[in-house]
Amino acid sequence: MTNQVGRLYSVALGLFVFFLTWVAIGARPWVASGSQSDPRLAALEKREQRVRRQSVVVQRLVNRRWATYRAQLRQRQSQIAAASQAQAAAAQAPPVRVVSLPPVTSTRTS
Amino acid sequence: MMESRRFKAMGTEIELFVDAAGADEALDAAEREFHRLEATLTRFRPESELSRLNEERSLEVGPDLLEVVRLALEARGRTDGRFDPTVHDAVVGAGYDRTFEELPEESTAVVVGWVCGGSVRIDGSRIELGPDVRLDLGGIGKGYAAERAAELISAAGPALVNAGGDIAVHGGSWPVGVETAEGELTLELTGGGLATSGRDRRRWRRNGKELHHLIDPATGAPSPSDLLRLTVVASDAVEAEVWAKALYIAGEGEAVREADMRGMPCVLVTADGRTRLAGGLS
């Protein structure tokens with residue numbers, strides 16, 4: 001009986017030690033401590049952050065310029081439309097009709 | 001009471017009409033304006049501003065030459081290049097190298113075709129011509145002068161100016177004769193302009209071949225259009241001159257289609273002797 005209880009405790013202790021080891025290995029403490037200490041990775045991270053900040057600035061600039069371009073395009077399109085209307089109105093031939101009156105003057109090949 | 005005056009300028013007969021009495025001052029001013037513009041725009045006088053531009057390639061010019069070149073370049077765009085002020089070398093190459101009065105009717109001179117459509121840049125009051133580009137503003141210059149003269153005369157009363165077929169009307173109602181294959185047709189104009197382009201007058205022969213002054217800029221040679229003559233009514237004499245030339249070069253079918261589409265009254269006389277009305281004219 002005593003031997004059985006002792007075995008049970010031994011098995012339980014073995015399982016406990018096994019899971020404890022598993023958790024300890026699964027946490028991979030050597031990876032974290034290693035990456036923090038590598039200066040190349042730290043530099044890369046810094047550079048990534050700088051590039052991200054720059055891309056945000058560039059994106060803002062592009063958005064601002066795109067908005068300016070769109071506004072200018074709308075203005076230019078409205079100017080072209082107005083000019084086209086004016087030109088169409090200007091190009092409109094005056095009313096003319098065939099009559100049977102004697103002509104004051106005549107046109108000919110110029 | 002109508003007053004009129006006739007004189008020669010720009011190589012053609014000019015007629016001024018005004019529906020008012022005592023308009024001598026206005027008629028004098030209009031006549032002076034024609035001579036002034038001729039001295040600026042002609043290609044036949046080496047001292048004209050246009051000749052100096054053609055010679056020097058880049059020149060600060062006065063407001064009239066600047067405006068006519070601007071109008072001509074705009075017209076080049078509007079007519080898809082069928083009207084083009086850069087036809088100078090092509091016209092000269094075809095033999096029209098002096099005033100029409102001095103031009104021999106027949107000669108054996110070699111006819112040379114030229115490429116047209118070169119670059120002309122306007123920068124402020126400076127005009128710059130591209131390589132081998134020279135300008136001929138003969139037709140459009142007459143239309144411009146007719147408009148300026150009509151404007152001056154209209155201070156005295158309703159006016160009509162006829163610059164060798166390019167007509168500008170400022171006010172009033174004027175019956176104007178148009179020659180057709182069957183006789184003369186009369187159109188009543190109450191404003192705007194009218195112009196006729198054709199190969200029935202300014203033509204000559206070189207090595208037995210008949211040539212004329214209406215150059216197709218696409219080929220740099222006299223246009224082989226199936227039209228003899230075409231008359232256009234438009235918003236002013238400059239516009240009428242531009243479209244008369246462009247539609248003549250386009251030929252009968254395209255000219256009728258485009259005149260109808262633009263609502264531009266036209267009288268067409270075909271080379272085979274038919275008369276067609278287009279652009280709402282009936």
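These are my notebook entries on a sheet, a helix pair and a chain contact in this predicted model.

**Ground rules.** I number residues from 1 along each chain as its sequence is written, and chains are lettered from A and ligands numbered from 1 in the order in which they are written. Since the model is predicted, local features need pLDDT of at least 70 and side-chain atom pairs count only at pLDDT 80 or more, while totals for chains, interfaces and linings use all residues.

**Entry 1: a sheet in chain B.** I looked up the strand order first and found three strands of chain B in an open sheet, ordered 3-6-5, with antiparallel pairing. Strands (E, at least two residues) and helices (H or I, at least four) are DSSP runs numbered from the N terminus, and two strands pair if DSSP finds at least two bridges between them. Strand 3 (58–60) and strand 5 (120–123) of chain B are the edges, each pairing on one side only. On average, neighbouring strands here are turned by 15 degrees against each other, direction ignored. I then followed strand 5 of chain B to strand 6 (residues 126–129) of chain B and found four bridges. Asp123(B) sits opposite Arg126(B) of strand 6.

**Entry 2: helices over the sheet.** Helix 2 (residues 49–56) of chain B lies across strands 3 and 6 of chain B, at about 140 degrees to strand 3. Helix 3 (residues 63–78) of chain B lies across strands 5 and 6 of chain B, at about 130 degrees to strand 5. For such angles, axes are lines fitted to C-alpha atoms (for helices over the stretch in contact), and the angles run from 0 to 180 degrees between N-to-C directions.

**Entry 3: a helix pair.** Which way do helix 3 and helix 5 of chain B cross? Their crossing is right-handed, meaning that the near helix is turned clockwise from the far one by less than a right angle. The contact uses Val68(B), Leu71(B) and Ala72(B) from helix 3, and Ile140(B), Gly141(B) and Tyr144(B) from helix 5. Contact is counted when C-beta atoms, placed from the backbone, lie within 7 Å.

**Entry 4: where the chains meet.** How many residues does each chain give to the contact? Chain A gives 21 residues and chain B gives 44. On the chain A side, helix 3 (39–91), strand 1 (96–99) and strand 2 (105–107) of chain A each give two or more residues. Strand 1 of chain A gives the most, with four. Next I checked strand 2 of chain A, which runs parallel to strand 9 (residues 174–179) of chain B and is joined to it by three bridges. Thr107(A) has Val178(B) as its bridge partner there.

How values were computed
Two residues are in contact if their C-beta atoms, placed from the backbone, lie within 7 Å.
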